[in-house]
Amino acid sequence: MQITSATPLGSRYSTINGSHRHARQSLQRRLQPRQATWSQKCTAFHVTLITPEGEKTIQCDDSTLLLDAADEAGLDLPYSCRSGSCGTCAAKLEGGDMSKVEQDDNSFLEDFMMDNGYFLTCSSYPKGDITVKTHQEDNVYD
C-alpha cells in the first residue's frame, strides 16, 4: 500500500494508493470565490436627483453615501464638511418616505427639518428607491 498526500501527511486530504483527485476537487471548490446570488447582486436602488441643471437617476446601494454615489456618477452636488455638521449638502425627499433614507451622523438638522423631509447627502444611505431635490441648504428653515 502506497500513501501519498496532496498536503502534509496526516491532514484530512491525505489519500491512499495515489488517488487524491477527490481531495483536490474538494479543496478547489472550497478555494473558489463564492458566487453572489442574484438577490445579493441587486442591492442598488434608483435615486432620482433633481438638481438645478435637471433631473438624473443614479444607482446607489445601501452601503454607499448618496453624496459619494452622485460624485461617482459625475454630478457636482454641494458639500463642505462631509460629516453631517454644516448643512451645505441638504436635500429634500420628494418621492418615497423617510424610512427609505438612513442618516448616519447628523448634528445639523433639527427634528422639524427631518419631519419636513430634509436630510444630508453626506451622511445618508438609501434604503429604497427615492426622488431627492438637491441644493436645499437655504430652504431647510422653511
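# Notebook: lookups in a predicted model

**Entry 1. D104.** I began with D104 and found that D104 is partly exposed, with a relative accessible area of 45%. I note here that the structure is a predicted model. The value of 45% falls between the limits of 20% and 50%, and therefore I class D104 as partly exposed. I then looked up where D104 sits: D104 belongs to the loop between β6 (101-103) and α4 (111-115). Leaving aside residues up to four places away in sequence, I recorded contacts of D104 with S123 and Y125. I also looked up the distance from D104 to C122: 9.1 Å from C-alpha to C-alpha, with their positions 18 residues apart in sequence.

**Entry 2. The chain as a whole.** I next looked up the secondary structure and counted four helices and nine strands in the chain. Read from the N terminus, the order of the elements is β-β-α-α-β-β-α-β-β-α-β-β-β. The chain has 142 residues, and I find 32% of them buried. For the accessible surface I noted about 9,100 Å², with 45% of that area on carbon and sulfur atoms. I also looked up the sequence range of the contacts. Of those between residues at least 6 apart in sequence, 52% join residues at least 24 apart.

**Entry 3. T48.** I asked myself whether T48 is buried or exposed. T48 has a relative accessibility of 14%, and because this is under 20%, T48 counts as buried. I located T48 in strand β3, which covers residues 44-51. With residues up to four places away in sequence left out, T48 touches E55, K56 and T57, and also I130, T131 and V132.

**Entry 4. D61.** I then turned to D61, which I placed in strand β4 (residues 54-61). I recorded a relative accessible area of 25% for D61, which makes this residue partly exposed. The contacts I listed for D61, again without residues up to four places away in sequence, are T43, A44 and P126. How far apart in space are D61 and G128, C-alpha to C-alpha? I read 8.9 Å for this pair, although D61 and G128 are 67 residues apart in sequence.

**Entry 5. Salt bridges.** I looked for salt bridges and found two in the structure. One joins D68 and R82, with 2.8 Å between the closest N and O atoms. This pair links distant parts of the chain: D68 is in helix α3 and R82 is in the loop between α3 and β5, 14 residues apart. I noted D68 as partly exposed at a relative accessible area of 25%, and R82 as partly exposed at 35%.

I found another salt bridge between the side chains of K127 and E102, at 3.3 Å from N to O. I see that this pair, too, links distant parts of the chain, with K127 in the loop between β8 (124-126) and β9 (130-133) and E102 in strand β6, 25 residues apart. K127 has 32% relative accessibility and counts as partly exposed. E102 is partly exposed as well, with a relative accessible area of 35%.

**Entry 6. Negative patch.** Which residues gather in a patch of negative charge on the surface? I listed E53, D71, E72 and D76. I followed up on D76, which I located in the loop between α3 (66-72) and β5 (90-95). With a relative accessibility of 68%, D76 lies over the limit of 50%, and so I class D76 as exposed.

**Entry 7. Backbone angles.** Finally I looked up positive phi values. I kept in mind that most residues other than glycine have a negative phi. R82 is not a glycine, yet I read a positive phi of about 60 degrees there. This is the R82 that I had recorded in the salt bridge with D68, and R82 lies in the loop between α3 and β5.

H135 is also not a glycine, and I read a positive phi of about 60 degrees for H135. I placed H135 in the segment after β9. I closed the entry with the accessibility of H135: the relative accessible area is 31%, and H135 is therefore partly exposed.

Definitions and conventions: Residues are numbered from 1 along each chain as its sequence is written. This is a predicted model: local features need pLDDT of at least 70, side-chain atom pairs count only at pLDDT 80 or more; totals for chains, interfaces and linings use all residues. Side-chain values use heavy atoms; hydrogens and water are left out. Helices (H or I, at least four residues) and strands (E, at least two) are DSSP runs, numbered from the N terminus. Buried means under 20% relative accessible area, exposed over 50%, partly exposed in between (1.4 Å probe, protein chains only). Contact means heavy atoms within 4.5 Å. Patches are made of residues with over 30% relative accessible area and no salt bridge: like charges are joined within 9 Å, nonpolar side chains (Val, Leu, Ile, Met, Phe, Trp, Tyr) within 5 Å. Accessible areas come from the Shrake-Rupley method with a 1.4 Å probe; for residues, only the protein chains shown count as cover. A salt bridge is a side-chain nitrogen of Lys or Arg within 4 Å of a carboxyl oxygen of Asp or Glu. Lys and Arg count as positive and Asp and Glu as negative; His and the chain ends are not counted. The place of a charge is taken as NZ of Lys, CZ of Arg, CG of Asp or CD of Glu.
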